[in-house]
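Take a look at the model below before reading on. The text that follows leads through it step by step.

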Amino acid sequence: MGPTSWRRFSFTIKILFLLWLLQLAWLAWHFAPEAVALSQRLWAADAARGQDESFDRWLAELTQLLPPTSTYILIDCYETGNYTRMRYHLYPRRQVRLDPKTSPAFLFTAIQQEQAAFVILGGCHLAPHWRYILQEPQGVFQTLPTAGSGLVLGVDPGRMVGGFYD
Amino acid sequence: MTETLGLLVRLLAGLLALQVVGYALLVVLLPPRAAFAPLERLALSLGLGCLGLSLWMLFLTLCKVPFTLLTLTAPWLLLIVPAFWLAGRRGWLQADGRTTKNFLATIATLAFRAGWPRFDQAFLLLLILAFLFATLRAVLYPFWAWDELATWGLKAKAFYLSQAVDMTRFEAHNYYPNLVPLVLAYLYFWLGGVVEPLAKALFPLTGGALVVLFYCLLKRLGLVRADALVATAFLVLNGTTFLTHLFIAYADLMVTYYHLGAAGLLYLWVRGEAPAGSGAIITCYAGGMAWSKFEGWPLVLILVLAAILTLMWLRPPRAGKAISSVLLMGLGGWLISLPWRQFVHFQGWDVGLDHVGSFSAEQFLQGGWLVLQALVWPPYFGLLWPVVFLSCIAAGRSLWNTPVLFLALLIAGNLAATVLAYAIVPTSSAEFPLYVRATVDRLLLHAAPASALIFSLPLAPAFVQAPPDRNFI
């Protein structure tokens, strides 16, 4: 190996080097499943389209349903992370996220203030009062047919009379 | 198939355009006597290209000129044509062309034609495999990590679709600097749409430039090729953090790259070995740090402070002038980020309220302990940080009475700043450990390559002033 001989290294460096080689083996083991998935994806027909989950397919459906200039209210927990995926994929549609613990009055205020045309109920556990909101008698909400995990409601702001939702 | 090939050609053209703009800026910034090696010029060009183009996009927004491929590229011809003519006159263009060809041939043939020993080839192969994996991982998957979707990727998409720096339709830490989303948006214009997986090729490319720069700096610090390759592979393939940032669209890799460039050249400068023109590059790279991430500006301050303290302690000849120069470099970096600060001010956005609260002694202690754990927790950085500390110990007295002090102060300063940042972050005590675990690897990444320059001490104990082989391959 000439001038780059292994022998010229000090004992400490040799020990560290061997430990690093062990760490390299761990690193290879750690990334092995990803490397396998990568090779499979490389040969798959729809490799880079990124719509291999039902949530992605639902988002693609929503992009057809919601006009680009519209605003929608997403009722979902922060922790699911779905709001970031939805906000990214549905952009330039404007997202207003509300927590499932939000009161109905706050929802109606948000609809009025943000001029929201849609309400989307995400996958998070919803508080019991939401089912009453969906059944409200004025017909503010119309359920829109989608194949996704969440519920999409069209909003008719003309039917909102206000003052009694709590 | 034809469509994919077309997109790949467009991507390569976009990345090449970034490099060409950066190269033109480099030629204009450097004096003719600047003895940068061709590989160094190529590695530095990418950073200048990203900086120049993203600032140009901000300027277009301020002038209310919409982004198009024409407005983004055509005006640069006014700089590129004379700069390339100048580079040709200086002989740089020919040398850099030859070096690029040799560099690519070395990688493609695993240096067989160059006759490298097996030892060197083994480490080159490790690096090639790491980058092959990272590149494929980047370009075959859409955005999936949190900040890709929530911040950087979202902004890139918004800038592309609105043809301006427009964040009126969302709130995603809007005061954050925007170098990365603007460069991604720039690539979208080349690709003709929001083709996010392909645009992510920016990140392995930036990682490649970082690695080449690290290798070149080690060579300048007196390491032979084999040792520089070992140390470079040791930096890349230690834990998962560095490797992961090669294929996710976060701004941390860009900050790390700029930090290495600025810190590495500043270290050479403190040693009195920096090539002419280094001050201009350090200034631009400091600006790049501040324009890439909110944490960038504190990193610049630490660099400036470490250099000034080193100069005050070592008292080299004309220390006062040297200190003034360091201050000017820091000021220059601040001025580069000034247009964005003004833009944020005009928009009336609150800056840093989500990250800066009041000092908490409890968080300081707990954060310090968690940072220490992260330094030695193998899945984050493997053996990298323990070996950095062992190298500091091995440095002995040279830590106090030579410019190595700069590296020691840089390491200590960054760790102290990280712990301090955790002490003032506004989180509940229940959320605090989760917050630290979600961010500590990224914060430690920023200074990791610059800190790893200290490997030059155990590997090259007899300092060499300047390596004879300027091509570095």
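In this predicted model, helix α3 of chain A, residues 82–90, lies across strands β1 and β2 of chain A. The helix runs at about 165° to β2(A). Another helix, α4 (residues 104–114) of chain A, also packs on the sheet, where it touches β1, β2 and β5 (151–155) of chain A. The direction of α4(A) likewise makes about 165° with that of β2(A).

Helix α3(A) is also part of a motif: together with β1(A) and β2(A) it makes a β-α-β unit, which is right-handed. The two strands of that unit run parallel and are joined by five bridges. Within this pair, Ile73(A) stands opposite Val96(A) of β2(A).

The loop between α3 and β2 of chain A holds Pro92(A). The peptide bond that joins Tyr91(A) to Pro92(A) is cis, with an omega of about 15°.

What is the strand order of the sheet as a whole? The sheet is open, has five strands and follows the order β2-β1-β3-β5-β4 (chain A), with mixed pairing. At the edges stand β2 (94–98) and β4 (141–144) of chain A; each has a single partner strand, so one side of each is left without a neighbour in the sheet. From one strand to the next, the twist averages 25°.

Strand β1 of chain A, residues 71–75, also pairs with β3 (residues 118–121) of chain A, in the parallel sense and over four bridges. In this pairing Leu74(A) stands opposite Ile120(A) of β3(A), and Ile75(A) has Leu121(A) as its bridge partner. How much of β1(A) is buried? Four of the five residues of β1(A) are buried, so the strand is mostly covered.

The loop between α4 and β3 of chain A contains Gln115(A). This residue is not a glycine, yet its phi is positive, at about 55°. Gln115(A) counts as exposed because it has 11 C-beta neighbours inside 10 Å, and the cut-off for exposed is 12 or fewer.

Chain B offers a case of its own. Leu110(B) has a positive phi of about 55° although it is not a glycine, and its place is the loop between α5 (92–108) and α6 (118–139) of chain B. With 15 C-beta neighbours inside 10 Å, Leu110(B) counts as partly exposed.

Now to chain A as a whole. Its secondary structure comes to five helices and five strands, which run α-α-β-α-β-α-β-α-β-β from the N terminus on. Chain A has 166 residues, of which 19% count as buried. Among contacts in chain A with a separation of 6 or more, 63% are between residues 24 or more positions apart.

The domain assignment divides chain A into domain 1 (7–44) and domain 2 (54–159). Taken over C-alpha atoms, the centres of these domains of chain A are 46 Å apart.

Last comes the contact of the two chains, which takes 30 residues from chain A and 32 residues from chain B. On the side of chain A that touches chain B, the elements giving two or more residues are α1 (11–43), α3 and β2 of chain A. Helix α1(A) gives the most, with 14 residues. By class, this side of chain A has 17 nonpolar, eight polar and five charged residues.

How values were computed
Residues numbered from 1 in each chain as written. Chains lettered and ligands numbered in written order. Predicted model: local features only at pLDDT ≥ 70, side-chain atom pairs only at ≥ 80, totals over all residues. Pairing = 2+ DSSP bridges. Axes fitted to C-alpha atoms, helices over the stretch in contact; angles between N-to-C directions. Contact = placed C-beta atoms within 7 Å. Buried ≥ 20, exposed ≤ 12 C-beta atoms within 10 Å, placed from the backbone. Nonpolar A, V, L, I, M, F, W, Y, C, P; charged D, E, K, R; others polar. Domains from an automatic or database assignment. Right-handed = clockwise from strand over helix to strand, strands pointing away.
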